[in-house]
Amino acid sequence: MKNKIKRAVMLKIMTISAPLLVVLVPVLLIIVLTMNNPSVTCQTDDTTPAMTSDKGGSKGSFEDKNSDVGKRISYIIDRFKKAGYSGDNIAAMVAVGWRESNLDPKAVNPAGSVKGIWQWGAGGINGNRYQNTADSVEGQVDLALKELGTSHRAARLGLAAAKDIDSSALAWDTGFEGVSASDGQRKPSQVKAWAESIKKTYDLNFSGSLGNDTTIVSDSSQSAQNSTANDSNNQGAYCNTGDSGSADGTGKIKATSLSFWDKNSVPDDVKPYLHNINQKKLDWGHTTADAYNQCAGFSQVYMNAIWSPNFTFRGNGNVTAEAVAQATGVKVTTTPKAGAVFASDRPNHTGVVLHVLANGDLIIANQNVVKSGQNGGTSQDYEITLVPKKDYGKDSQVTGYGDMTFAYPGDNPKYKLNW
């Protein structure tokens, strides 16, 4: 009898407590996970009112503050101003948003698999930067601010240095949108006109407070200055004539983080891995004049300097590996080799692998990053970069080097590498 009473009591307790456990267990798990994840950070500008009634669409004019578009612009201005961006920065990025999507957070272009105000890649040929971002102005501003502080800090640096609308638009387009300065889709004249109207309508006459953000790169201790007077084609300045001929997967250098060096000021411990390409000079005739200060132009020229027979390929930086693979009859891989061209869609960059160190880090040659090409104020030029293994691997968001793919012409015996 006592046992029956005990069982009845236990059954009653379980019946009452079961629903409570269903609710409490997830709550407790969330608390535990949050307490054990100190890296979780939140936006500090959450006093900005949310636009919960925004239904998307491009209804209205950017000159009408009370339209749907006008309200989105006001929201974007408030968020970016609090984050330290200048009025010219904001006017330019809003104008680019108008060019890209008419400032519609629900805009989708199936042809390029892109979506949102600034048309992020959402799968397919343009990668998937968008991922699970909400189709709202709030979610997309969150994403933009996050990228500008992490994977696209080069754009943030350019915006910090920008002096006007033109330079702000250039920094945004090349660093955030991932297009070259000469790309026709930029429409710089139209964007400038829109930006000036936006600046006037929304009274964006204020300076920014981004600073120089020097932590964006870990540079060498030598602060070499770029100069257009340098002989950009002088391979003696670039190459170490005492080339050690070290094989991939060997060697160690002092630098361990993403580092950029002027080709004339490479640290001594890096020089053994810079190949002498038989004293050849780079023949810029292998590319077009509008690519003389771009990463893709350099890759085209340098690959033809070190490989024979020569081959022709064209395309933006993010598709260069695929273009080289098609031209030489090899496959695109995720395995780096000295002499391989690389491509990255974070956002749109290319260069050539010079050496793979013992720890998997890469020493590469590339143009138009920090110290050469358009960004460095030079033309027909290049720089040397150390890219850590963690920064070029799959799903890395590091600007210019994340999700690298490679094409090595030597996988086809027809092509010979001539360092």
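This note goes through the fold, its two sheets and one helix that packs against the larger-numbered strands' sheet.

1. Basis. This is a predicted model, in which local features need pLDDT of at least 70 and side-chain atom pairs count only at pLDDT 80 or more, while totals for chains, interfaces and linings use all residues. Residues are numbered from 1 along each chain as its sequence is written, and side-chain values use heavy atoms, with hydrogens and water left out.

2. Overall make-up. The protein has twelve helices and eleven strands. These are DSSP runs, numbered from the N terminus: helices are H or I with at least four residues, strands are E with at least two. Of its 419 residues, 48% count as buried. Buried means under 20% relative accessible area, exposed over 50%, and partly exposed in between, with a 1.4 Å probe and protein chains only.

3. Surface and contacts. The protein exposes about 20,100 Å², and carbon and sulfur atoms supply 53% of that. Areas come from the Shrake-Rupley method with a 1.4 Å probe; for residues, only the protein chains shown count as cover. Take the contacts between residues at least 6 apart in sequence: 65% of them join residues at least 24 apart. A contact means heavy atoms within 4.5 Å.

4. The three-stranded sheet. Strands 1, 2 and 3 form an open sheet in the order 1-2-3, with antiparallel pairing. Its edges are strand 1 (108-109) and strand 3 (120-121), each pairing on one side only. Two strands pair if DSSP finds at least two bridges between them. Strand 2 (residues 114-115) is joined to strand 3 by two bridges. Val114 stands opposite Gly121 there.

5. The six-stranded sheet. This open sheet runs in the order 4-9-8-7-6-10, and the pairing is antiparallel. Strand 4 (259-262) and strand 10 (405-407) are the edge strands; each pairs on one side only. From one strand to the next, the twist averages 35°. Axes here are lines fitted to C-alpha atoms, for helices over the stretch in contact, and angles run from 0 to 180 degrees between N-to-C directions.

6. Strand 7 and its neighbours. Strand 7 (residues 349-356) is mostly covered, with eight of its eight residues buried. Towards strand 6 (residues 341-344) it pairs antiparallel over four bridges. Ala343 has Thr350 as its bridge partner in strand 7. The two strands form a hairpin with four residues between them. Four bridges also join strand 7 to strand 8 (residues 362-366), again antiparallel. Val352 is partnered by Ala365, and Val356 stands opposite Leu362. This second hairpin has five residues between its strands, and Gly360 in the turn has a positive phi of about 90°.

7. Helix 9. Helix 9 (residues 295-306) packs on the six-stranded sheet, touching strand 6, strand 7, strand 8 and strand 10. Its direction makes about 40° with that of strand 7. Twelve of its twelve residues are buried, among them Phe298, Tyr302 and Ile306. Does the length fit, or what span should be expected? At 1.5 Å a residue, the twelve residues should span 16 Å, and the end C-alpha atoms are 17 Å apart, which agrees. The expected span is 1.5 Å times one less than the number of residues.
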